[in-house]
Amino acid sequence: MNRWWILFLLLGSGTAHSAVSYTREVLPIFKKSCLSCHRPGKEKGGLDLTSYAAIVKGGKHGDLLSLKDPRHSVLLEQITGPKPAMPKDDDPLTPAEIHIVKTWLLAGAPDDTPKPSQLPPQPAIYSAPPVLRAIAFSPDGRWLAVGGQREVLLLDSTNQAAGPRLVGEATRIESFEFSPDGHQLAVAASSPGRSGEVQIWEIPSATPRHVYQVAHDSAYGIHWSPDGTRVALGVADKTARVLRVADGKELVRFDQHSDWVWGAVFVKDGTQIVTASRDRSMKLVDAATGALIDVLNRDTEPIVCLAKHPKENWVVFGSEVRPRLYKAEAKPDNINPDRDPNAIREFEHFDRGVTAVAFSPDGKFLATSGNPPGEVRVHAVENGQRKVTLRGHQGAVFALAFTPDGSRLATAGFEGRIRIFDWARERMITNLIPVTITPLSVKNPG
């Protein structure tokens, strides 16, 4: 049967319409096909389709919905016909998707968006150790921050005693960093596929200062500017952002990557950022205008993690093969395209890729972890020589952090344990699960 005849049947006469959920059925269609052009920060035609309220508001050309005469709603006109106007430059909606949207409109376009909870988010109850994706020491060495489920836990770094719990709404803690003065913690948190947010917490009061919704997908790799007024981060929607901390204003949105951006770091005294993407490239970007300055590296393999050298204008990335150290500066003109002039050094490869990289505070050492899992290496930055190998981890290591004096190295990952090493002596001094485990209750079968 001809496709458009099927569409006619779906959109044809008939007044009985089964209930269609805006949240569960209509919004996912918009997310798949429409939000690349109609979302905050990229509102083509002044139209935002990310929420019910924004859809009802319409765009520059008037109302999108006509609830008095749903069959003539602009929304329906735009997505139907032999050559639908929308989605522009993309596949049209399927007949089944159009049927869902029309059925919803004919029912009065009901809104079933869940009401925001009036209760503050509650700390997680752990029945098993959580996967630990991020750890960091405060600049004064007092706190060890650990990413749990929906929360960042602060531990006393001397005895690992439990401290404040920084609980948010997002389901995953992806990364965080203490501000240069140590008085705030910036968190990149995500509800994958739904939202990415930046949380700013006061330390040590654990008071939430700001929560900024920055994207409709996961946020990664957050980094403070040297003056503590901005943060940079990467997003799974192929963008990097720079936000002003005081009010969340988006100062830069860089969208010249073709795959997830795992992170962004400030370089050159905060005037530029380096972005790192799964598309194999690191890009140097003007932190004020968002203009591309240069591509720093020759594309060799997908990048998965990024770190800024604490002293030099250098960055290191971990890839699906090995860590590589680069100068963060524009390349010379008229170079041989086969050269990689910003490359300083590469470090030992991992058979199946790198999972984390971290510099010591003095910049003399680089800690790396990767696959096969369970091994952490510390290298001398000046020559790439491996100094020590730290073993004993069960599963992948996703996070590495040196103490402010550089004498200790904390590791964490899949198994949900934190290990702290006197790394120069290859001696583990701490091995703990940072949360209280509450076993699931077992019901009496009788």
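Let's start at Ala206. It lies in the loop between β8 and β9. Its phi is near 60 degrees, a positive value in a residue other than glycine. Is Ala206 buried or exposed? Ala206 is buried, because its relative accessibility is 16% and the cut-off for buried is under 20%. Keep in mind that this is a predicted model.

Stay in that loop. Pro204 sits there too, between β8, residues 195–202, and β9, residues 207–215. Which residue does Pro204 join through a cis peptide bond? The partner is Ile203, and omega is about 10 degrees. So much for that turn of the chain.

There is another cis bond to look at. It joins Asn371 and Pro372, again with omega at about 10 degrees. Where is Pro372? It is in the loop between β23, residues 365–370, and β24, residues 375–380. If you are checking backbone geometry, put both sites on your list: Ile203 to Pro204, and Asn371 to Pro372.

Back to positive phi. Arg150 has a phi of about 65 degrees, and it is not a glycine. This residue is in a strand: β5, residues 149–156. Arg150 counts as partly exposed, because its relative accessibility is 35%, and partly exposed runs between 20% and 50%. Compare that with Ala206, a loop residue that counts as buried at 16%.

Now follow the chain past β5. Gln160 is in the loop between β5 and β6, and β6 covers residues 162–178. Gln160 is buried, at 16% relative accessibility. What does Gln160 touch, leaving out residues up to four places away in sequence? The answer is Leu155, Ile420, Thr430 and Leu432. Take Pro434 next. Pro434 is 274 residues from Gln160 along the chain, yet their C-alpha atoms are separated by 7.9 Å. So that loop is a good place to look at long-range packing on screen.Next, the cysteines. Cys34 is buried, with a relative accessibility of 13%. Cys305 is buried as well, with a relative accessible area of 12%. How many disulfides does the chain have? The count is 0, with sulfur atoms needing to be within 2.5 Å to qualify.

Now zoom out to the whole chain. How many helices and strands are there? The chain has 5 helices and 29 strands. Its radius of gyration is 25 Å, close to the 22 Å that the globule rule gives for 446 residues, so the chain is as compact as a globular protein of that length. For box dimensions, the C-alpha trace spans about 80 × 75 × 45 Å along its principal axes.

On burial, 49% of the 446 residues are buried. On contacts, take those with a separation of 6 or more. Residues 24 or more positions apart account for 43% of them.

Then the surface. The chain exposes about 21400 Å². What share of that comes from carbon and sulfur atoms? They supply 51%.

Last item, charges. The chain has 53 positive and 50 negative charges. How far apart are their mean positions? They are 2 Å apart.

To recap the local sites: positive phi at Arg150 and at Ala206, cis bonds before Pro204 and before Pro372, and Gln160 buried in its loop. That's it from me.

Methods
Residues are numbered from 1 along each chain as its sequence is written. This is a predicted model: local features need pLDDT of at least 70, side-chain atom pairs count only at pLDDT 80 or more; totals for chains, interfaces and linings use all residues. Side-chain values use heavy atoms; hydrogens and water are left out. Helices (H or I, at least four residues) and strands (E, at least two) are DSSP runs, numbered from the N terminus. The radius of gyration is taken over C-alpha atoms; the globule rule is 2.2 Å times the number of residues to the power 0.38. Buried means under 20% relative accessible area, exposed over 50%, partly exposed in between (1.4 Å probe, protein chains only). Contact means heavy atoms within 4.5 Å. Accessible areas come from the Shrake-Rupley method with a 1.4 Å probe; for residues, only the protein chains shown count as cover. Lys and Arg count as positive and Asp and Glu as negative; His and the chain ends are not counted. The place of a charge is taken as NZ of Lys, CZ of Arg, CG of Asp or CD of Glu.
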